[in-house]
Amino acid sequence: MAKKANPPLSRRAWITTTSGVIAAGLIKTQVDAVKIAAQEAATPAQDPTKVPGRLTSELGQRAPAEQPLRLVRSPNLSSSSRTPLQDLYGIITPADLHFERHHAGIPNIVQEEHELLIHGMVERPMVFKMADLKRYPQTSRIRFVECSGNGGGAYNRDRMPTEVTPQSLDGLLSTSEWTGVLLSTILREVGIRNGASWILAEGSDAAVMSRSVPLEKAMDDAMLAYGQNGEAIRPEQGYPVRLLLPGWEGNAQVKWLRRIEVTDRPTMTREETSKYTDPLKGGRARQFSFVMDAKSLITFPAFPYQLPDRGWWEIKGLAWSGRGKITRVDVSTDGGSSWTPAELQGPILSKSTVRFRHLWDWDGRETHILSRAVDETGYVQPTVHQLWDARGERTSYHQNHQRAWKIASDGAVTFGLGDLV
Amino acid sequence: MKRLSVLMVSVLFTGCGQADLPVTTSDVLPTEVADRLPLSSPRTFGFGGEATDERIAMWDIDVKPDGEGLPSGSGTVAQGKLVYETQCIACHGATGTEGPFDRLVGTGPWEEWPSARVVGAYWPYATTLFDYIVKAMPQLTPGTLTADQTYAVIAYVLNMNGLVADDAVMDATTLPAVEMPGRDRFVPDDRKGGPEVR
């Protein structure tokens, strides 16, 4: 049956919408009918210029065809999910796609009842309600948060993956505009006593997860964050308040924060002794390795994409450093033999991800593409060989070495670091 | 009208720069303003309440490596075996080595890594066991073990690792005194940025 051009209100839509609502007395005018048709009748097959569009709504939604998702590996036992880095533009991670990592699930906290206790080596031990914290001078900063285990799947010489996406390999990385009060403001309020040198930050989750943090960082740029990308911080990221330690490993940025004890020594919690410590050669292990060193990742082209033809392609990716600003990102399209500085796209912010781009005229031959970040301290993102030499091949955490993608002659892209080691 | 066109053309030329380069927007914003507390801030704001000693005692349950914070109570290896076999065995295995979750027992050489991240070879402080277990374990009913049960199950785990005798009793005095083989493994972070890879 040949289909006619859709009238403003199709007969089917009219019947569908009227059958229920006429009885309810909702359609009183032609305008009402058009409104209902607009809400219920639009399908992708219709010419959008020939049917009224959907009306306003209290909460927006993504386009039906655009449904980026976090990657959850085993839904039954999962304690982490990964950000779809390859699907995102710019540097900000939509809050509902921010990676998750928690140790005993996401607690259900009522903001009005939540309290933050600060005690220990202070002049005035205090309890803060959220309304109290929000009354203090407020600040916002764009900062990345990364799990220090991110990317560890591409370190073992014998188990180099090939079919990993930016998300599955390095998706424990997200960037947000965080809003809150500087921790230094609150510590000034309670008064730090002489001799104090550490804090213990403790969460209100079922693991009562806690980490020791040097007082120096607490007084520098640490924040008690209650906002994320313009809205209240999400439950998965620590609602109603988390500790934000810009540039430091995610685990130390305790979520669902309920207690800070000011101390003169670290507490030696489980997460800073048996976990989140980095084995080195010679039977040693690095402890309190907080800072995330400079790193970069090409997010396009990447597995499972296949370049459909040779010619001009824009290599795109993210770079970040926990020590400050990224000053340069080099890209190699010949397996690391030669390097060219990529375009850095502003804003270039301290301890934030930055976008880099490099236009590449692919000649159709098999090759490997790599990126390496340089930060303002002069640190150059190392090769995996350099990390193996410095730390040994069986370390864990902080594996920020250069990544590589293999471009096959048919355009198929796979993770290619294994070919280069 | 003519003046407007000229203006627009000049804006376009200025905006595009060299015509043979791809149009980019690598505009770098100026250094972020260090947002500190405003200079006009009072010495204290007074938002928030005083924390009483009772209030602090309710939540201040962490245990320091010298034993500060350990509660009274005690537990034996034999008592701990009972706790372990009812509360822990499903996740950590009959001998603390089988999993499916974290392996607890082992004194093997470093090369076993990562399976060697066990209590007997890696954990630097015995007090950490109390601090962690009393709050976070068992996984599905966290925070339900009594102090006595916690001391007891720690005694059993340490005994399985060969670190305390079969008749050992763990309490606020004996637990911090347990010598942990992992203690000397740990070194401070010596990474500091700059050109050197560490």
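**Aromatic pairs and the contact between chains A and B**

In this predicted model, aromatic pairs number 17 when every chain is counted. One of these joins Y136(A) to F47(B) in an edge-to-face arrangement, with the ring centres 5.1 Å apart and the planes at 70 degrees to each other. This pair crosses between chains, since Y136(A) belongs to the loop between helix 3 (130-135) and strand 5 (139-146) of chain A, while F47(B) belongs to the loop between helix 1 (2-16) and strand 1 (49-50) of chain B. Y136(A) is buried, having a relative accessible area of 2%, and F47(B), with a relative accessibility of 14%, is likewise classed as buried because it falls under 20%. A further edge-to-face pair is formed by Y305(A) and W313(A), with 6.2 Å from centre to centre and 75 degrees between the planes. Here Y305(A) is partly exposed at 33% relative accessibility, whereas W313(A) is buried at 13%. Ring pairs also link Y136(A) and F47(B) with F128(A) and F45(B) into a cluster.

Charged side chains are also placed over aromatic rings. Within chain A, the charged end of K134(A) sits over the ring of Y226(A), at 5.6 Å from the ring centre. Between the chains, the charged end of R258(A) is positioned over the ring of W59(B), at 4.4 Å from its centre.

The contact between the two chains involves 86 residues of chain A and 67 residues of chain B. Together the chains bury about 6300 Å², of which 52% lies on carbon and sulfur atoms. On the side of chain B, the residues that lose the most area to chain A are F47(B), W59(B) and R191(B), which together account for 13% of what that side buries. Two of these residues appear above: F47(B) as the partner of Y136(A) in an edge-to-face pair, and W59(B) as the residue whose ring lies beneath the charged end of R258(A).

Polar and charged interactions accompany these aromatic ones. Between chain B and chain A there are 12 salt bridges, and one salt bridge joins the side chains of R286(A) and D190(B), with a nitrogen-to-oxygen distance of 2.9 Å. The count of residue pairs in polar contact between the two chains, both residues being at pLDDT 80 or more, is 34. On the side of chain B that touches chain A, at least two residues each are supplied by strand 1, helix 2 (53-59), helix 5 (127-136) and strand 4 (186-188) of chain B. Helix 5 of chain B gives the most to this side, with five residues.

Note on methods: Residues are numbered from 1 along each chain as its sequence is written. Chains are lettered from A and ligands numbered from 1 in the order in which they are written. Side-chain values use heavy atoms; hydrogens and water are left out. Rings of Phe, Tyr and Trp (its six-membered ring) pair if their centres lie within 6.5 Å; planes under 30 degrees apart count as stacked, over 60 as edge-to-face and the rest as tilted. Helices (H or I, at least four residues) and strands (E, at least two) are DSSP runs, numbered from the N terminus. Buried means under 20% relative accessible area, exposed over 50%, partly exposed in between (1.4 Å probe, protein chains only). A charge sits over a ring if NZ of Lys or CZ of Arg is within 6 Å of the ring centre and within 35 degrees of the ring normal. Contact means heavy atoms within 4.5 Å. Buried area is the accessible area (1.4 Å probe) that two parts lose on being put together, summed over both. A salt bridge is a side-chain nitrogen of Lys or Arg within 4 Å of a carboxyl oxygen of Asp or Glu. A polar contact is a pair of N or O atoms within 3.5 Å; within protein, one must be able to donate a hydrogen and the other to accept it, and residues adjacent in sequence count only if both atoms are side-chain atoms.
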